Amino acid sequence: MEEQSVHSSTSDINSEEAAATEPLIIPRKKRICLVGSTGEDPALGAAAQQFSVPVLKSEQGTEYVEDTTYCTYYILSKFEGADYDTLHKTAHRILGPTALLQLAEKKESLPSINRPMYTQSMLGTIVVFTGFRKKEELTRLINMIHNMGGSIRKDMGNKVTHLIANCCGGDKYRYAITFRIPIMSSDWVLELWNARDDVASSSSNDKLIADYKLKPFFGAKVCFFGFPDDEKTHMYEVLQQQGGEPAEIDDPNCTHVVVDESNVNSLPDLASVRAHIVKAEWFWTSVQNEGAAYEKDYLFEDYLESVMSPMAMARRDSQAATPRTASTKRKRKRMAETLCSLVQNGADSPAVHKRRSSISDAGHLSVSGSFLDCTSSPDKQLDEVEAVSTEAGRKNLSPRHQVFLELVTTESNYVGILSTIMTLFKEPLEDLIEMSGELLNSTEAKIIFGNFPPIYEVHKKMLEELRYNASHWAEDVSIGNIFLKYAPDLVKAYPPYVNFFENTKEMLDQCDQNKPRFHAFLKICQTKPECGRQSLKELLIKPVQRLPSISLLLNDILKHTSKSNPDHSALELSISSIKEVMTYINEDKRKTEGQLVMFDIFNDIDNCPAHLVSSHRSFIGKCEVMELGEGLSGRGDHLVLFLFTDTLEICKKRSKAFNSLKSPKEANGLHPTKLSQGKPYKHIRMLSLSTIKKVVDIRETDECQKVFALMVRSNQELKEKLFSFTITDEEVNKTNYLRTLCRQMANSVCKADADTFLISLDSHQLEIDTSDVALGTLSKAFKSLFHNFYLEYMDPYVFLLNSMCETTLHVPLPFASRTRMKVGRAFSFNKTPSKLKRAMSTMMSPFGSTNSLTPASQQLAQMRLASCNNINELGNGGSGSPTRDEVLVAPMSVQPTRKAKCSSLSMASLRRNCSEEVVQDKSEL
C-alpha cells in the first residue's frame, strides 16, 4: 500500500524561500495598505487602525512597491492573479483579511514573515506528507498550508503535529500510528482553505479532525475468507465505513485477504500476488487504532507455522546464538501460547488443533458442560494440569478426593476467567482513560467493571487455600472451614455485582453499538486464547453462575464424607452459608428492583407526593380496580392501587385518548406546555397501611364478582370510611391479593397474625350495589342526561318530579342529583354544553322556529310537552288550548324543558296551573 513520496518541494519549510534576486533590506517602519475591495470594508479599516501605523488604500498597491522607507503590509482578498504575483515578488508582506482581523482580535503586532498569510487557522501546525506521487497536487497543498500559517517538515519528529497521507502504509505512517499522531487526508487542508474567511476556523478543531482523518482501510480492497455469512456481512459493513472496498478472492486488485484462523488451516489460492494474507486480528486492530496495522505482525502464514510445527520452532528459539529479532520474539511468544493451550487441552497432535468460531461456541459449551470445566487458567502450572487431568491417577484416589480435585480445578479455571477479565479487559481500558484515545470514559468503565474486583480478590484467596489442601491432602482435611471463613466476604462481594448486572449488560451493549473502536477492542480480545472465543458479556456472567456450582460440588463432597469425619459438620455449615449468601443475593436483588420500580411509578403519576419515594419502602404489586362508591374519585371510575410495604397509593387511570386531546390554545397554535406531561395516572389519595383497619372480602354472587372493601380511619378522623372496589384485572387473584395486603398491614403495625385484618361479608350488609357499574358508557351518559334535564330545568315542578321518579321512572331523586355532576364532567368541553342546550332547545322547544327543520324534526317540534303546554297558555290559565287528542305528545325520554323566563308569572300561579292540569290528567285516566 505504500507509494513513493515526492518531497522535492518540501526540503526546508521553516527557512525563508529562496528569492530570484537578492533580498532588499526592509526598514523597521511599517504601514498597512488595503488593496481593492478590502478598502471598502469598515471592519478591516477599524482593525487596521488598531496597529497604530499608517493605513493606506489602493486599487492595486503597485505604486508603493518602490517605496522602501516603509515595510508595507498589503491586505489582499485574493491570493491569485497578476496583482498578487507582482506584490509577492517584492520584499513587502502580504496578509489576508482574515489574518488582519485575527491579529487585531488577539491584539498582536504585525508578523515579521516573508511568506503570504491569508489566515492563521493553521498557525503552529507542523505537517509531513507521505504517499503523494503527483508533484502538482503536493505543491498546491503546500502553498495552502503556508498561506494559512502552517509549516512543513520532510521527516517525522517530535515536533510534527499531523501527517497528511495518501496511502495506509510506510515508515512515516507506522511512526504516526505508534506515537498517535493524527493521520489526515488531503481533504482536511482543502476544507480549512475553503473556510479561510472564517475567523474562528482552526486546524485543531476536534470535530474537523475526526471528520477528515484518513480511514484505516483507505485504498485497500479486502477479501474475507472462511468467516460465517453473518460475520462476513458485518465485517464488510465495517470495512466500508472505514474507507475500504470489498473484494473477492479471485480479484487481481485485492490488497488484503483476512482469514478466520479458527476455520481455515491452509493458505488460500490468490489471484493477486501482492495481497497480504492476514488474521482477523489485523482487521479489528486497525479499526481500534484508527489506522492500518502492520501486516507483517499478523501474517496468517506465521500462524500456520506456529500451529503446525511448534516443537521445531521451540528448538530454534532455544538456540542462544541465533539473533533475536522482533519477528522471532513474536513467533516465540505465539508458539509458547499455542503449546501451552495444546498441553492444557490434552491434544495428542498439533495438526488437529482448531479453535472454535464465535458462532459455534454456545453449541460446544452446551455439549461439553460448563465453561469452567474446559477453560484453562493462564497462571496454572503445566505439572498441576497434568496431575489433575490424568485419568489414570484419579482412579486410585478416594471419591471424596476426586470431587475435591474437581472443585479445585473449576475454582482455578474460574479465577483464571476473573484474571482474564481484569488483565485483558479492565486494566487496558482504564489505562486508556487518561489518554486522548480512550475507548470508554470513567463512568462507563465503572458501570461495567466497578463491582467486579472484590469478587476476584476473595476467590483468589480461596484458591490459594484450596491448592494448599490439594498439595497436603488428607481424608480429614477441612474443606468446609475454607468456605465458612470467606462467607462474609462473599456476602459483601456478590450482591452489588448480581443486583446491577442488568445495568452492566445494558451499558456494555450500548458502548458496543455506539463506539466502533470499543467494538473492535472486544473483537480483538475475543480472538485471544485466554477468552476461549467467548465475548466479554459471556465472561461477565460467570460470577452469577459460580455460587450454585460451588453449592453442588460441596454437596457431592458431603455425600462422600462419612459422618465420623470432622469435616462433615463443617461441610454442612458451609453449604448452609453458601445458600444463605444466595438467598441474601436474591432478597437484596428483589429489594433493589423494587426500589427501582418505585422511581418509575413516581414518574408515571401526575401530582404524586414526593415522599412516596423512600429508602425504607419497596414496591409489592399493583391492582386495577373500579370504584363502587363515591368516596375517592367517583362511582364507576377506573383506579389503580399501587401496594408498597407501608402504604397504598391510589391513582386514577387515564384513558389512552387523554394525551391526544388538544386544548383550544394548542389548537390555535400557541403550543402550551403539555398537560401533566402525558402521565398515565393521576394521584387520588395515598393511604398509610396503618390507617386501614379492616379488609372486607365481599362474598361472591352472580351479581357481585371480585369485590372487596377497605375500612379506613386515621387518628384525626372520628368515623370510619368505607371504600369499595371491584377488581378489573383478570390476572389478579382476589384472595391472594387481599392476603398480601393484610400481610403488609400486619408488618406495618408489628402484628404477627395477618388474618385478623381480613373479614368476609355479604354485599347487602354493606349496601354495596354493582347493578349499574357494568353499563356501557353510552348507556350511562343517556341515563345521566335524562335525569340531569329534569333536575336542571323543572325546578317549578319539584312536587311532580318526586312522584314521577318514584312511581313512573322508579329512580330515586338522590341518584339524579349525583349523576348531575357526572354529566357535567362528561360533557365539559369548554362552552359546548351551552351550544348543545341552544341546539336542542331550537329543535325540540315549542318556542323555536320549525321552518328550517327536517320533516322528522318538525313532527318532534310540534309535539306537546308531557307536563305542560305553551307558556303563554299557562298565563291564560289554559283557556283556548286544544284538547289532548289534538296535540301530539312527545315521549318522556326525549322531552327537554326550558327554565321559565317570564317574570310576569309568579311561582304560585305556575304551581296552581300545573296542579289543575294534573287533576285533569288523573280524571281522564
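Two strands are taken as paired if DSSP finds at least two bridges between them. On this basis, the predicted model was examined for its sheets and for the helices that pack on one of them.

In the sheet that holds β1 to β4, four strands are arranged in the order β2-β1-β3-β4, and the sheet is open with parallel pairing. Its edges are formed by β2 (55-58) and β4 (93-95), each of which pairs on one side only. Direction ignored, neighbouring strands of this sheet are turned by 30° against each other on average. Strand β3, residues 71-75, runs parallel to β4 and is joined to β4 by three bridges. Within this pair, Ile 75 has Leu 95 of β4 as its bridge partner.

A further open sheet of four strands, also parallel in its pairing, has the order β10-β9-β11-β12. Here β10 (245-246) and β12 (276-279) are the edge strands; each has a single partner strand, so one side of each lacks a neighbour in the sheet. The pairing of β11 (residues 256-259) with β12 is parallel and comprises four bridges. Val 258 is bridged to Val 278 in β12.

Two helices were examined against this sheet. Helix α9, spanning residues 280-289, packs on the sheet and touches β9, β11 and β12, and its direction makes about 80° with that of β12. Helix α8 (residues 229-241) lies across β9 (221-225), β10 and β11, and runs at about 165° to β9.

Terms used: Residues are numbered from 1 along each chain as its sequence is written. This is a predicted model: local features need pLDDT of at least 70, side-chain atom pairs count only at pLDDT 80 or more; totals for chains, interfaces and linings use all residues. Side-chain values use heavy atoms; hydrogens and water are left out. Contact means heavy atoms within 4.5 Å. Axes are lines fitted to C-alpha atoms, for helices over the stretch in contact, and angles run from 0 to 180 degrees between N-to-C directions.
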